[in-house]
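Where does a folded chain leave enclosed empty space, and which residues make up its nonpolar interior? The report below takes up these two topics in turn.

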Amino acid sequence: MLKFIEAPEQVILNEELKRFLRVFYSGFLLIVLFETGPFYLKSNFLEADFLWPVYWAKFLPADFVNPIAKLTFAIGAFLLFLVVQCPMRRSLRFIATLVLFEVLAFRYSFGKIDHSDLSWFFCSFLLCWCSFDSHRSNENQNAKLIHVASGFFLVPYFLSGISKVWGLWSLVARGQSPMDLMVGYLPRTLNYSSTIHGRPFLDLVLPDWLSLLSFLLVVGFQISCLWPALNFRNLRFWGWFIVIFHAVTLYMMKINFWSSALLAFILLVNSPLETKKTATIKS
C-alpha cells in the first residue's frame with residue numbers, strides 16, 4: 001500500500017504515533033466543538049437542502065429532523081473524545097470519522113462548504129489506516145500515511161496560488177492590465193478591515209510597489225507549498241510559515257482560518273516525521 005510515495009524510508013515508533021494521533025484528534029475535537037457546535041445550536045435543519053451523505057434525513061418526519069441532526073453531532077463529538085482517550089483503536093477511528101462525515105454533511109447542506117474542515121476530515125480518514133503492529137513494514141506505512149496527509153493539506157495552498165495566477169492571466173487575455181488588480185490591493189484590504197472592524201490605525205495608504213510586492217509574496221508562498229507537499233522535507237519550517245501567515249491575515253484583514261493554522265501546527269510543526277524518535281531506514 002502507498003508504494004507510489006517517494007519519501008525517505010522512515011519508521012514511526014508506536015509511542016510517538018500514539019502521541020501524534022492523540023494530539024490530532026484533540027485538535028479535531030476542538031474544531032467540532034467550537035466551530036461546528038455553535039452552528040448546530042442555532043440552525044434549523046428543516047431549511048436545509050440535504051447533501052447526498054445525509055439525504056436520508058429528507059424522509060424523516062419534520063419533528064425528528066432537528067433532534068436527529070443534533071444527536072448526530074453529539075455522537076460524533078463523543079466518539080472523537082473516545083478516540084482521544086484510545087487512539088490505538090483503529091475501528092474507533094473509522095467509526096468516528098464516518099459519523100463526522102455525516103456531521104459535516106449536515107452543516108454543508110446550507111450551501112457553504114468550508115475546505116478547511118474538509119482537510120481535517122480527509123486527514124482523519126487517512127490516519128485511520130495507521131497501524132500499531134510492531135512490524136517494520138507497518139511502521140514505515142504509518143510514516144507514508146502521515147506524508148500523504150501532510151501533502152493533502154498543502155496542495156490546496158498551491159491550487160489557491162495557481163488560481164490567482166490564472167486570474168491575472170485572464171485579465172491580460174481580456175486586454176486589461178494586471179496592475180488594475182494588484183495596485184492598491186493591500187491598501188484597499190486594510191481600509192476594508194479598518195472600516196468594518198473599527199481599527200483606524202490600519203487605514204493606511206501604502207505605495208503601489210508595496211501593494212504589488214505583498215500580492216506577489218502571497219502568490220509565491222502559496223505556489224511554493226507544492227515543494228514540501230512533494231518532497232516532505234522541512235515540514236516544521238513550512239508549518240510555522242503557514243501558522244504565521246494565517247495569524248497575519250487574521251490580524252490585518254480579519255480573514256479567519258484558525259482551523260487551518262491549527263492543522264498546520266499539528267500536521268507539520270508537531271509532525272512525528274520531524275522528531276528525534278522517528279528513525280530513518282538506511283539503505
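What follows describes the internal cavity and then the nonpolar core of this predicted model.

**The cavity**

The count comes to one cavity of 30 Å³ or more, and the largest cavity has a volume of about 40 Å³. Its lining is formed by Phe28, Ile31, Val32, Thr36, Leu100, Val103, Leu104 and Asp117, a set that divides into six nonpolar residues, one polar residue and one charged residue. Helix 1 (14-42) and helix 3 (90-108) each supply at least two residues of this lining, and the largest share, four residues, comes from helix 1.

**The nonpolar core**

The largest nonpolar core holds 62 residues, and among these Phe24, Tyr25 and Phe153 touch the most other members. Two or more residues are given to this core by each of helix 1, helix 2 (62-85), helix 3, helix 4 (115-127), helix 5 (136-173), helix 10 (235-253) and helix 11 (258-269), with helix 1 giving the most, eleven residues. When residues up to four places away in sequence are not counted, Phe24 touches Trp120, Cys123, Ser124, Leu127, Leu263 and Ile266.

The contributions of helix 1 to the two features are set out here.

| Feature | Contribution of helix 1 |
|---|---|
| Lining of the largest cavity | four residues, the largest share |
| Largest nonpolar core | eleven residues, the most of any element |

Helix 1 and helix 3 thus appear both in the lining of the largest cavity and among the elements that give two or more residues to the largest nonpolar core.

Technical notes. Residues are numbered from 1 along each chain as its sequence is written. This is a predicted model: local features need pLDDT of at least 70, side-chain atom pairs count only at pLDDT 80 or more; totals for chains, interfaces and linings use all residues. Side-chain values use heavy atoms; hydrogens and water are left out. On a 1 Å grid over the protein atoms alone, a cavity is a set of points where a 1.4 Å probe fits but cannot get out, and a pocket is an open set with protein on both sides within 12 Å along at least five of seven lines; lining residues have an atom within 4 Å of a point. Grid points are joined across faces, edges and corners, and a volume is the space filled by probe spheres set on the points. Ala, Val, Leu, Ile, Met, Phe, Trp, Tyr, Cys and Pro count as nonpolar, Asp, Glu, Lys and Arg as charged, and the others, Gly among them, as polar. A nonpolar core is a set of buried Ala, Val, Leu, Ile, Met, Phe, Trp, Tyr and Cys residues joined through side-chain atoms within 4.5 Å. Buried means under 20% relative accessible area, exposed over 50%, partly exposed in between (1.4 Å probe, protein chains only). Contact means heavy atoms within 4.5 Å.
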